[in-house]
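Please look through the structure shown below, and then follow the questions and answers, which work through it step by step.

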Amino acid sequence: MTVKRLRRIPSDRELYRRLWNNEALREICEIEDHEKPYHPSQLTRFRDRVGPERLEDIMNSLLEELSEGDIIRGEALALDATFTRGLEQTGPG
């Protein structure tokens, strides 16, 4: 989901499609060549289980780590509540 946000991928379905075809993206998401990418329904279930507040905390922590490690620039950290609400509504459709 972090990659989805940072790469501005509009939907879980689009992320799934790109994970099948993009070797670099698979590597970023730590998906081995012999593994299938995360199905959109898996992402939906994950978001449902953790809830919007906890998911926002997880995402913010990950983004802070990436920024502190100079992996991403600080402006990529500008996430707002719209991002979390959008995740709740983004599903396999």
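Q: Are α4 and α5 roughly parallel or roughly perpendicular to each other?
A: In this predicted model, the axes of α4 and helix α5 (residues 52-68) come within 6 Å and cross at roughly 105°. Angles of 65 to 115 degrees count as roughly perpendicular. The two helices α4 and α5 are therefore roughly perpendicular to each other.

Q: Which residues of α4 and α5 make the contact, and how many of the residues in it are charged?
A: From α4 the contact is made by Phe46, Arg47 and Val50, while α5 brings Pro52, Arg54 and Leu55. Sorted by class, the contact of α4 with α5 holds four nonpolar residues and no polar ones, and the number of charged residues is two.

Q: Where is arginine 47 placed, and is arginine 47 buried or exposed?
A: Arginine 47 has its place in helix α4, and its C-alpha atom is separated by 9.7 Å from that of methionine 1, although their positions lie 46 residues apart along the chain as a separation. Residues under 20% relative accessible area count as buried. Because the relative accessibility of arginine 47 is 6%, arginine 47 counts as buried.

Q: How do the axes of α2 and α4 pack, at what angle and how far apart, and which word describes α2 relative to α4?
A: Helix α2 (residues 12-21) and helix α4 (residues 40-50) pack with their axes 8 Å apart, at an angle of about 130°. Because of that angle, the word for α2 relative to α4 is oblique.

Q: Is the crossing of α2 and α4 left-handed or right-handed, and which residues meet there?
A: The crossing of α2 and α4 is right-handed. The residues of the contact divide into four nonpolar, one polar and three charged. On the α2 side they are Asp12, Arg13, Leu15 and Tyr16, and in α4 they meet Pro40, Leu43, Thr44 and Arg47.

Q: Is leucine 25 buried or exposed, and which residues does leucine 25 touch?
A: Leucine 25 is found in helix α3, and at 1% relative accessibility leucine 25 counts as buried. Its C-alpha atom is 8.1 Å from that of valine 3, with the two residues 22 apart in sequence. Not counting residues up to four places away in sequence, leucine 25 touches Val3, Arg7, Ile9, Leu15, Arg18 and Leu19.

Q: In which helix does threonine 2 lie, and what is its distance from leucine 63, C-alpha to C-alpha?
A: Threonine 2 lies in helix α1 and is buried, with a relative accessible area of 13%. Leaving aside neighbours within four places in sequence, threonine 2 is in contact with Met59, Leu62, Leu63 and Leu66. Threonine 2 and leucine 63 are 61 residues apart in sequence, and their distance in space, C-alpha to C-alpha, is 7.8 Å.

Q: What is the phi of arginine 8, and what is the phi of glutamate 30?
A: Arginine 8 lies in the loop between α1 (2-6) and α2, and at 71% relative accessibility arginine 8 counts as exposed. Glutamate 30 is found in the loop between α3 (23-28) and α4, and glutamate 30 is exposed too, with a relative accessible area of 67%. Although arginine 8 is not a glycine, its phi is positive, at about 55°. Glutamate 30 is not a glycine either, and its phi is positive, at about 55°.

Q: How many helices and strands are in the protein chain, and what percentage of its residues count as buried?
A: From the N terminus on, the elements run α-α-α-α-α-α, which corresponds to six helices and zero strands. Of the 93 residues of the protein chain, the share that count as buried is 34%.

Q: Which helix of the protein chain has the lowest confidence?
A: The mean pLDDT of the protein chain is 80, and 78% of its residues reach 70 or more. Over residues 76-93 the pLDDT is below 50, and this stretch has 33 contacts in the model beyond near neighbours in sequence. Confidence is highest in α2, at a mean of 94, and lowest, at a mean of 44, in helix α6 (residues 81-89).

Definitions and conventions: Residues are numbered from 1 along each chain as its sequence is written. This is a predicted model: local features need pLDDT of at least 70, side-chain atom pairs count only at pLDDT 80 or more; totals for chains, interfaces and linings use all residues. Side-chain values use heavy atoms; hydrogens and water are left out. Axes are lines fitted to C-alpha atoms, for helices over the stretch in contact, and angles run from 0 to 180 degrees between N-to-C directions. Helices (H or I, at least four residues) and strands (E, at least two) are DSSP runs, numbered from the N terminus. Angles under 35 degrees count as roughly parallel, over 145 as roughly antiparallel, 65 to 115 as roughly perpendicular and the rest as oblique. A crossing is left-handed if the near helix is turned anticlockwise from the far one by less than a right angle, and right-handed if clockwise. Contact means heavy atoms within 4.5 Å. Ala, Val, Leu, Ile, Met, Phe, Trp, Tyr, Cys and Pro count as nonpolar, Asp, Glu, Lys and Arg as charged, and the others, Gly among them, as polar. pLDDT is the predictor's confidence in each residue, from 0 to 100. Buried means under 20% relative accessible area, exposed over 50%, partly exposed in between (1.4 Å probe, protein chains only).
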